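Good morning, and thank you for the opportunity to present. I would ask you to keep the sequence and the structure in view while I speak.

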Amino acid sequence: MTDGRPRLPGRRRQLAFAALALAALFVACGGDFPQSSLRPQSDVAREIDSLFRGIFWWAMGVLVVVEGALLFTVFRYRERPGAARPKAVHGNTVLEIGWTIAPAVILIFIGVPTMLTLWRIDGPPPSSDVRVEVVGHQWWWEFRYPDLGITTANELHLPVGKTADVRLRSGDVLHSFWFPRVSGKRDLVPGRENSLWFTPDSVGVYPGQCAEFCGTSHALMGMRLFVDSPEDFEAWAARQASPQEAEGDPAPAEDPMVTAGREIFFGAGGCISCHAIRGTVAAGVIGPDLTHVGSRSTIAAGLLENTPENLAKWIMDPQEVKPGNLMLDMGLNDEQAGQVAAYLLSLE
Ligand code: HEC
Ligand SMILES: [Cu+2]
């Protein structure tokens, strides 16, 4: 190279680079994606998914035709040395009628299935096997089963193959209920009740997420859906519905940690001003119902695994774990937090 211009990479090198870049791009498609609505696991999620796929292929058709025409024109009529100027044309009735009618027809093929699907999934549930009331809070989920006498938080259990009839309310600001693989998405609006329904069709655990910005820790407002076999659901529901023993009434051979933790929870810890434990004097309504908190797999809206260490960490410094959340630091030391954690884990 003597003219000082940078040397362009050879065509081969360009191709190899493009292939590598594409490969890198597609590697990103290989994950597990537990929150992908493209892997539907309920009647409603399947309807939404097939609607999406239909619209996707129409859009692909439009892309190919329009981009094809564009690329053809760009290459076919590009300026070449010595070539004559192409003839300028103005107006073409056939083309213009064509590209007015074609989009209208495509919109009918998209619009009709869209409206039919919307009416179906927005309509009344085909049956109402399990009624659930969801209340969104900054930044956690309250789940109540009015027919089963259950109140819990952040972990929703449903029996497989049964239609869940879900009512959605907000305790404070806008939130949005979304288990991408199962439920469809719907907002929780202050002062108004929304509803949705779905019939989960596969046993498993599905993560969900608040999908409407609701403040500082919105991103930490997760939830989990456990789709259980009928027997597992039955067993879970029976346990959740039972109250705990009254305090001052400890089981005979109780762990001294648990006894100490219970004392702090109902006394100096001040926990009962915000939390309820059914069957006891704890009847607070600011925070999650803790009657069976020991049976949950996670705490703080899916943020931490439910282990003694994590519980103690949360109790000692909830603001560090989830900035801005409404639980106060009650000033417990290491030992006290460990004892309270032991007590909470005993609440299965
Ligand atoms: C001022 C009210 C308030 C007080 C007092 C309070 N909490 Fe909380 N607590 C909350 C709120 C609100 C949440 C939900 C936080 C979130 O996830 O955003 C919570 C969450 C929790 C959780 C997680 C529950 C779950 O299922 O995710 C535990 C465990 C807990 N608190 C234990 C305690 C203990 C133990 C005490 C006493 C030392 C206590 N809390 C005192 C308001 C309070
Ligand atoms: Cu949110």
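**Two ligands and two helices**

Ligand 1 is surrounded by 30 residues, and the closest are Cys 271, Cys 274, His 275, Ala 300 and Met 327. I should say at once that this is a predicted model.

Let us look at the polar contacts of ligand 1. Ala 300 takes part through its backbone: one of its N or O atoms lies 2.6 Å from an oxygen atom of the ligand. Lys 322 uses its side chain instead, where an N or O atom is 2.9 Å from an oxygen atom of ligand 1. Asn 154 contributes a polar side-chain atom, which lies 3.3 Å from an oxygen atom of ligand 1.

Is Cys 271, one of the residues listed around ligand 1, buried or exposed? Its relative accessible area is 13%, and the limit for a buried residue is under 20%, so Cys 271 is buried. As for disulfides in this model, the count is 0. For those new to the term, a disulfide is a covalent bond between the sulfur atoms of two cysteines.

I turn now to ligand 2, the copper ion. Which protein atoms are its donors? They are the SG atoms of Cys 210 and Cys 214, the O atom of Glu 212 and the ND1 atom of His 218, at 2.0 to 2.6 Å from the ion. Along the chain, these donors follow the spacing C-x1-E-x1-C-x3-H.

Why is the arrangement around the copper ion called tetrahedral? The 4 donor atoms subtend angles of 88 to 128 degrees, and four donors count as tetrahedral if all angles lie between 85 and 135 degrees. Two of these donor residues may be set side by side: Cys 214 is buried, at 4% relative accessibility, whereas Glu 212 is partly exposed, at 27%.

Finally, the helices. Helix 5 covers residues 256-266, and its buried residues are Val 258, Gly 261, Arg 262, Ile 264, Phe 265 and Phe 266. These buried residues pack against helix 8. At the N-terminal end, helix 5 is capped by Asp 255, which has a side-chain oxygen 2.9 Å from the backbone nitrogen of Met 257.

In helix 6, residues 308-316, the buried residues include Asn 310, Leu 311, Ala 312, Trp 314 and Ile 315. Among the elements that cover them are strand 11, strand 12, helix 7 and helix 8. Helix 8 therefore deserves a second look on your screens: the buried residues of helix 5 pack against it, and it is part of the cover of helix 6.

Technical notes
Residues are numbered from 1 along each chain as its sequence is written. Chains are lettered from A and ligands numbered from 1 in the order in which they are written. This is a predicted model: local features need pLDDT of at least 70, side-chain atom pairs count only at pLDDT 80 or more; totals for chains, interfaces and linings use all residues. Side-chain values use heavy atoms; hydrogens and water are left out. Donors are N, O and S atoms within 2.8 Å of the metal (3.2 Å for Na, K and Ca); water is not among the atoms, so sites may look incomplete. Four donors count as tetrahedral if all angles lie between 85 and 135 degrees; four count as square planar and six as octahedral if opposite donors are over 155 degrees apart and all others between 65 and 115; anything else is irregular. Buried means under 20% relative accessible area, exposed over 50%, partly exposed in between (1.4 Å probe, protein chains only). Helices (H or I, at least four residues) and strands (E, at least two) are DSSP runs, numbered from the N terminus. Contact means heavy atoms within 4.5 Å. A residue is near a molecule or strand if one of its heavy atoms lies within 4 Å of it. A polar contact is a pair of N or O atoms within 3.5 Å; within protein, one must be able to donate a hydrogen and the other to accept it, and residues adjacent in sequence count only if both atoms are side-chain atoms. A disulfide is a pair of cysteine sulfur atoms within 2.5 Å.
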